[in-house]
Each structure stands twice: as C-alpha cells, then as structure tokens.
Amino acid sequence: MRLSKGGLIERAKPLTFTFDGHRYQGYAGDTLASALLANGQRVMGRSFKYHRPRGPLTAGPEEPNALVTLGHGPTQEPNLRATTLELFDGLAARSQNRWPSLDFDLLAANDLLAPFLGAGFYYKTFMWPRAFWEKLYEPAIRRAAGLGALSGQANETRYEKAFAHCDLLIIGAGPAGLMAALEAGRAGADVILADEDALMGGRLNSETLSIDDTPAHAWAAHTVAELASMPNVRLMPRTTITGAYDHGTYSAVERVSMHLAAPNDAPREAFWRINAERAILATGALERPIAFANNDRPGIMLASALRSYVNRYAVVPGRAVAIFGNNDDAHRTAADLLDKGVHIAALIDSRPDATCTLPVRFIPGAQVAHATGRKSLEAITIATQSGTDRLQCDVLAVSGGWNPTLHLTSHMGARPRWDAKTAAFLPAPDAIPGLIPAGAVTGRFSTHAALEAGLTAARDALSVLGLKHAQTDLPTAEDAPYAITPLWAVPASGMGKGRAWLDFANDVTVKDVKLASSEGYKSVEHMKRYTTQGMAPDQGKNSNIGALAILADATGRSIPETGTTTYRAPYAPTTLAAMGAGGQGKGFAPERLTTSHAATLKAGAPTVEAGLWHRPSYFPRPGETHWRQSCDREVAMVRSHVGITDVSTLGKIDIKGRDTGAFLDFVYTNMFSTLKPGRVRYGLMLREDGHVLDDGTTACLAPGHYVMTTTTAAAGPVMRHLEFVAQALRPDLDVALTSVTEQWAQFAIAGPRSTDLLNTLLDDAVTDEGFPFMACGPVAIKGTPARLFRISFSGERAYELAVPARYGAALFDLLKARAEAMQGGAYGMEALNVLRIEKGLLTHAELHGRTTAFDLGMQGMMSKKKDFIGKTASERPGLMAPDRERLIGLRPTGAVKQLLAGAHLFDRDAEATRMNDQGYITSACFSPTLGHAIALGFLVRGPDRIGEEIRMVDHLRGVETTCEVVAPQFFDPDGGRARD
Amino acid sequence: MTEPVIKPVTESATDQTPFKAIPPCAGLLPLSIGALDLTEQPHAQMTLLIPWEGQETALSKALEKAHGVALPGVGQSTQSHATRALWFGHNQVLLTGPAPDPALADLAAVTDLSDAYACLRLEGAGADRVLARLTPLDLRDVSFRQGAVARTEIAHMAGALIREGEAAFGLMVYRSMAATLVHEVSDAMQSVTARAALGGE
C-alpha cells in the first residue's frame, strides 16, 4: 500500500498501466515493481525451473525474480526487470514463464518433482537413448523451463551506437560519484557522470540520511542541478557502464526512450563506447540475502530494497514486517519503518552480542530458519538457542551484508581480494589502468567515507590531468562503522523441510551447491556450470558470494581459496539490438554504386554484389523470362556485334615516380621496366609465399607514369600490398601510389564493331595502326579528356574507355544507345563471366590464394632475369611439382550435360570419396558460343591429361556426370579475334 | 607528368560538352532535419600531392607561392580564401580549389582526384553529436580544432573529416559510397534531433 505522504514520486502525475491485462495506477517516479507493490500485487514472476511464485527481492538492477515482458510481435522485449522499469502512462507489462496465468501456473507441478530435478539432473536423467536428447528431451525441457521469449520477428525499432570522449568518467552517481563530479566539474575537467538510475543519487534517494544537515536526497538533487549547469559536465542518467576495456575505453548502454509512452524517432537504447583519460568507479555495493528454507516467498526482500520502497516510493509492501540481519543495516531498516508508523513484528539479529535501543521486539543471536506461505509470506520460524518460535508476518526484510559492485575491475583479468573485516570481496589494486575505485565499492560503507573518497579520487584524477583542485568542501554526513558477522545460510539442522535458495533466477539451492561439491565439482567454475548458479539474467549478482561461501564450507576451504568466478562484460544484461545498432538493413555494409547504377536499374537489370559494389547481373529485354536467355543473347551480341559494360569497379592505381619501372619489376613476376609509353602489359603478382596474389594489366601513360588495373576483389589488398612494398621493402625507390579507382568511370566496349562504335564518339578516330591491341593513350570526346586502353577480357576486339566520374552516367547512356543502334547493347556480369570462361581468362575463382603461377600454366611469366616478390618462395619443393592440381578446361561427355562450380573430380572408375579426390571445378557456365556447358578447374597433373574422360561429382547438389579434360581456352585459343 | 585539367562544373564552359556532369550526391541533398543541415560542397578541383623524396620544403614554398597555402602539418589544413591544403595521410596532401600550378609536378606526384570523393558539409547545433554516432574519433573542441583534418572511419566507410567551423564539419568518402553516407548521416541527424526534443543528450 502507498503511504499518504513522503517519497520522491510525483503525486501530481498519476499514471495508468496494466500488468497481465489488469489496470492499475501509479505515479511518475515509480518503477513497475513499486507501483505493483503499492497496488498489493506482490507476485510478479514464476521461477525458471520450478515455477515457484516470486515477488521482487530487490529494488534495483540486480533483480532476479520480477522479470516481465513488454510489447508484442517484433518489438516484444523479455526479461525486463520490473524494479528498474520506469512507469509511464499506458505501460503494458506481462508476466513470464507461466501457463495459463501467473496466479495459476500448471507447470508449478515441477515444484513437486524437485527431489528429481536437482543440479545436474539433465545430465543424469536424459542420457539414453542418445538420439532423444536433441529431438525430445531438450525441446521439452526448454518449454517447461525458461524465462521470457523473443517473437522471432525482425525488430525495426531504432537503436543507436555512439562514441563519447572525456577527461574523467565517473561511474555511479551515489554520494561518492556526485562528490567526485562536483570537484572535477568545478575544476573544469571534461566530465561524464553515468548512472544506471533515472534519478541520480544512488542510495541517497533510498535512505533517511542527512548531508550538511539537509535531507540526503535533497543534497543529491541540488548537486545534480549544479552539475547540469556546468557546460563541461555531461550527465548520463539511465546509463549502465557494462564493460572496461583497454586504453580507458568503457562500454555503456543507455535506456534512451524506454521510459516514454511516445518515443517518436528517439532510439530505444544507445550503445556507447566512452573513452576516458581517467575514471572513477563509484558503483557502491549490493546487499546480499541469507539462505534459509523457503526464503524465496513473495514478501521476503532485501532490507535495502524495503527501505527503497518505503523511503523513495512511499510504498509499504505489507502490514506486519519482520527484519532479519547479521549487521547494523537491519536496525536502520527498523528505524525507518518505525518512523513511517509501520508495525514491526520483530527484529532478528544473528549476532548474539548485538544490542538495540529501538522500541521493537528484538531477538539477538537468532536466525530465521523457515518461511511459510506460497504466493505470499504468512509466517516465519525463528530459531534461537532455546528452540523455535513462529511469528506471523507478511514482509521479511533480510540483510546478509554488502557486496561491493566491483565487477568492472575484473574485466581485464584482475581477481578481487577477500577482506575478512567486511566479509566481502574488494577490488584488486590497479585492476584497470586509470580507474580509481571510491566509496562503498572499496568496502567503506558510511556516507562520510563515500563523500570523502569521491573527493579524494577526483583530486587524484585532476592531478593526473594537470588541473587545479577546486577546493570543494567536504560536507558532513554520518560515519557509522560497519559491523558484520558473516552468515551465508542458516544451518540445515535448524531449517526443517524446504529448500534454501541461493540463485533465485535459476532456482539453485544450498543443497544443489553441496551436491555439486560431493559429486566432485569442487572448483567454483565447475560448480557454477554444474548447478547453473549465476548464469541467469541477474548474472549471479545476488548469489555468487553466498554460493561460493557455501562451496568453501562444503569443500573445507576458505573463501579466498575458493575464489570468485570470472566477472566478464557486460556487467548488466544488454540487448543484442543495442550492441548491433545500425547494422540492420542498409546499415549492414556500405553500398558502392557505379555512375551507371541509376541507368542500370532503369534498364530493369537485377544487381549482384561484388565486394561492396553493386553490379548489373544482366539486362533483360522484352520477352526474356529467364536470366539465361538474357545472358546468352548478351554473349552472342558481344561475339558478333558490340557490347558495353561498366568496369569502373576494377581497381585503378596511379603510380608515378622516377623509380616506377624498378618498382613494378619488383612486384610483378614479369618485366615492366621495358614497357613503352602508350603500351599495356598483362601482369601477375605473387605474395611473399609464392602464391598468386592478383593479376591485371598495367598501362604506361608516360615515362614514369603508369596506371595499374587490379581485379575488383583485390583492389584494396593490392593497394595495401603496394604501399607495404613501397614503405617497408623498397623505401629506396621514389614512387607515389594513388588510388584513382573512383576518379574514373570506365567502360568496356567489346565486339567486332567496337572500333566502329568508338569512332562515332571520339574527337579523333582511332585506327588499328595507331591504336593496336594493348595500346593506350589519351583521347577526347567532344573536348572532354578521356583515356583509352585497347585490352580485352572477352577475347573480342575491345577497348576500355575512362572518363572523369562526373561524366560516367552520361557516357554510359551514350555508349548504350550507340551500341543498341549497332545490334548490340549493355551486358552484365553473367555474360562477362561466360565470355571470360570461354577464353580461359582468370578471376579470383581461380586466383583463390592457394594457386601458384605453375598451377595456372603461367610459369612462363616468371622472369628469370630479375628478382621479384614471391620468386624464391615459389621455387620451394612441391610448388612446381607435376602432380599438383593444375588448371584445365572441362566439357561434359555423359548423359548429364551440366557442370557445376564447386563439384569435385575423380578418375572415371574411382569411387567418389575424399581419398580419391583429383581436383575441383572453380568456374562453370553454359557457353552459347559452343552450345554446351564448359568449366575451368584444377586437376592433378591436369595439362598432362588432356583428352582423358573423368568423373565429376557434386555431393552437395547431387549431380554427377562424366567429362573430358580439355585445354582451358575453349574459344579462339590463339587470340586472333582480340588482336587482329 | 601533369594531367589534363578538368574544368570545375560550376563553370559554364563544361555545359558546352555533350556530357552532363553529375555531382556524387545528385538527388540526395540538401537535407535538413531539426537544426541540422547536410549539403553537398561545391565541386572543387581536388588534387593529391605526394612530395618526391626530400622535396617537402620546396613543395611547401612552391605551394605558398602559387596558391597561398603552405604544406599542412599532420592532421591539419592550411587555407587561403577558397584554396585549401588538407593533410590527407602519410606524405599526402589534398589541394582543393584551384587547378594545380604545373610547376608542382617537379616537386610532387600530382594526381587529379576531383571526381573521386563525395564532399559533404554538416552544419548546425548538434553536428558533433551526429558525428559521435558515425565515427570513433574525438571531435571535442580541444582535440579537433578549426581546420583539423582526420582520415578516419565514418559509419564503417573510410573517409576524411574536416573541422570547418564551431558547428560545421566537412565529410568526405569515395564517390561510390555517397548514398550510404547520406543515409547514415541522415539517420544520425534524426536520432540527434529526436533526442534534443526529449531534452536529453
């Protein structure tokens, strides 16, 4: 129920929301959990395995029980913690893991089967028959156990990624973080203050403390207001720092618009990478529970959570409250409740020497052993030295002490250190370079200590940053000592029937941990995996330390000997949508579009991706219903008339300098220093290991000025390779490399009538005498300077014409129109590929990184007169062995006339097994010129087997045929058509 | 080794050719969202200069004499009226504005790149926040001052960023990626504008 006054909620802003379809009212400033508790709804979820009814254990981000789903369809988001979900008007949440309803869950029958469902039961029970695991057991178990689910549909909601940079990142805006921000902000540092809560202040908003004689929450609000007014301070509320990485980089998730009824275009979440010179870890601590029988009953919660509900949200979740603790925070809880007029049934302190001055029933040296009630706590059994006592109550606040929130300090491999005085793990010193832990995270739990540590940490950071201190005064605040006697679980002897829960989210009990130990899983990492403790959405924040303490006890080791499991990023559950933000749809990869792209689409051509480039597949004409019809026509068009295609995607590297010839000789296998201006030469480039890197042509435009053409796929790698050679291997050579791929739009004009077409455009006509095969030079089209190369990738008389890219679209339109007027037209990648396979010309299907010049039949291009990259390595034993798989052509001879790229080759009568493999096909097509299928491939001793009949088997597609080994040049083998 | 000079499209002379010159962002820009404007920069002459070994000082002097701008330091640019020299990577300078003086070819490799890049300008309150969604670079005033240049990642594309004013940045990517750049920047502009409406970041 809601208290009539108090709290930090905005009573003037009532909000309506629904939970499982029921309408409720809350206030701005509420979380879903606080609003539900105010409405008397304490069951908020069903547990993972046993479907036990559960209510909130906490009031914060570590919540294991109150997990709900928001949204429907693609936007459905499961496992959101009701304790951090800010209420907004119209919020509609649903409970999870129950059927048919939260109140009546048939799968709760699992709870009765608990004796059989302990740790490791899957592994023991579902062993046999083996095949049943995947088909039957696993799906059945998955349906019965689990939390919320995704819809399986693509989510179009906007998420974003962003970067931030600062001098000082302060993680957590509790007393230590606010104090640090105040000092650093006033000193002029560039500060980011991030806090996972919407309302900055941390525990100051949940306690009845004073700072400088004002209420602590008011001090926090005042401080936040001052920070907000500083231009050098960026406040990032609703932002969880999720990871610490090298060089002062931190990841963070910001809930940007999840709290809004109408987010409009704002992203739902943002995934940040924050780069900070220095950072302060002011993440505070999380309270831990104590295990006893049925300690998961709704109404049992952490004492700090109860104080949050009472003080911050003005909600008392019951009528009769009992309090159980092993430290003084239990007393603080009692004082707060008394102040609000709440009835306290008893204050139970496990420390025999504890004293209490509050007017409550105080039971020192006692323990809560057992709880009764199912959907709500009804009573507890208190074990004292003199026996047991039963007490009626509907709320039990538990405090087992505090665990510093040190997770980020472990993200780079450091292990926390055990501190016996606080019975807690503390951050290892210098765990993250540049990160200073301050406040409760270091085991100093008083408000005074937090403020002082924040101030000191800020000053340390300012000194490193070279900034003067701001002389901020340290405010006065309580400095109560932290007195605790460890108690992890109430001894089993006193508990009676019922399981004592450690990991609420994954239904792991004290008994499960002991069972793991007795079955040999004595390492904390093994215990974790065997019991699944710590593997739920709360990542063990409530249970890790308790579970390892019990494991330590069971194995007879100390807690520091047992150690913690490894805390890894992300610190809090993070949606994949946030981490992958921007990667959906067009955001997946950049699109590189040619200057002819619009005309290509206008012509109805489907496109294919070549690297990042989008290139036309084929240009369909009216009546053509299949790509092969268009492709066959385009091939015939080039062979008999003229075709044009955009080849701008090929890499173009401008190479200038007095040592260019020597440089090219060094990177190519063949000689280039002898190439005359106005001439083009085909070249082959090897990697250092002697295998082929790329092939292409290089044109000499003028003395000391060349343009190298690379394949589309290798444009980047070749540029990188050349830069490496120029900078690292041959710094003695003065050469300048510039990528001009994007400067020039370049088009191939191929076919017997290509010269005719060209001469309708050029200002000065070209002739075979003046511009023979492999010539190049400057030309002009109506005054526009252009470059012309007489080279051919189709085997036909052909040119490539390059103009500055701004004119690419216009030139393509003109060429296409002229070609069409000559019974030709544009052709796409399919025809381009068929044309080159017919000629046995290579692409990266053949230059796939494992082939040598020898394999390709190009050993003749390896100059003996000079050294070049890869020469020595290419002469290693085996790289020129005759029994290597070497390039050949294939044509079908069997009943099946199909050849398939990727198929493997075998001797005709051999079984098609791996051991008998003789080679494989790299490129295959139907040749309209020859009227049958053709293929290129690699075959053991290939060139020696011309004329042999072999067997092709495509195991994947289930196709098999016989074929004849032929030379890889199917059409016009002597090249006369391109030359003459 | 000087290449033929291509006249800027802004001059009417090019209209006499049969070819229509199409700028990289034709049909994509300008674009305004909230307080932010994204426009295509006028198509200036762009020339990459790579000084020959030992000629850096001579090149700087020649540049200053011919075009009024010295060689910029690493990550910097120099400017004189509409002429800029942008540091463009190791041992590389991009001269934008005028056609290069032919004498420069004795001191550097001179390569025309006027058509290779899409050049955009992002301007308005929050321009830095838009770029914070596209590049990991530190663009705070102290780190990326007026005239600063960086070759960097822009929305998973290799590009260049230039600080052109307090709330104005130049963005360059290869011409073929103009549409992707406009898409990515406009997406971030929407996000920043929507956030501004929330009163947040």
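Select residues 597-866 of chain A to begin: the C-alpha atoms at its two ends lie 43 Å apart, and the span is 27% helix and 28% strand. (Helices, H or I of at least four residues, and strands, E of at least two, are DSSP runs numbered from the N terminus.) UniProt, in an unreviewed entry, puts the feature "domain: GCVT N-terminal" on these residues; such positions follow the numbering used here, feature names are shortened, and annotations may be inferred rather than shown by experiment.

A word on what's loaded: this is a predicted model, where local features need pLDDT of at least 70, side-chain atom pairs count only at pLDDT 80 or more, and totals for chains, interfaces and linings use all residues. Residues are numbered from 1 along each chain as its sequence is written, while chains are lettered from A and ligands numbered from 1 in the order in which they are written.

Now select chain B. You'll find three helices and eleven strands, running β-β-β-α-β-β-β-β-β-α-β-β-β-α along the sequence. Its C-alpha atoms fill a box of roughly 55 × 45 × 30 Å along the principal axes. Buried residues (20 or more other C-beta atoms within 10 Å of their own, with C-beta atoms placed from the backbone) make up 50% of its 201 residues.

Next, pick out the open sheet of five strands in chain B, in the order 4-5-6-3-7 with antiparallel pairing. Two strands pair if DSSP finds at least two bridges between them. At the edges sit strand 4 (77-80) and strand 7 of chain B, each pairing on one side only. Zoom in on strand 3 and strand 6 (residues 93-97) of chain B, which pair over five bridges; there, B:Leu49 has B:Val93 as its bridge partner. Add helix 1 (residues 56-67) of chain B: this helix packs on the sheet, touching strands including strand 5 (83-87), and its direction makes about 155° with that of strand 3 of chain B. (Axes are lines fitted to C-alpha atoms, for helices over the stretch in contact, and angles run from 0 to 180 degrees between N-to-C directions.)

Last stop, the interface. Show both chains: 43 residues of chain B are in contact with 45 residues of chain A, contact being C-beta atoms, placed from the backbone, within 7 Å. Strand 3 (45-51), strand 7 (108-112) and helix 3 (178-198) of chain B each give two or more residues to that side. Helix 3 of chain B supplies the largest share, nine residues.

Note on methods. Buried ≥ 20, exposed ≤ 12 C-beta atoms within 10 Å, placed from the backbone. Contact = placed C-beta atoms within 7 Å.
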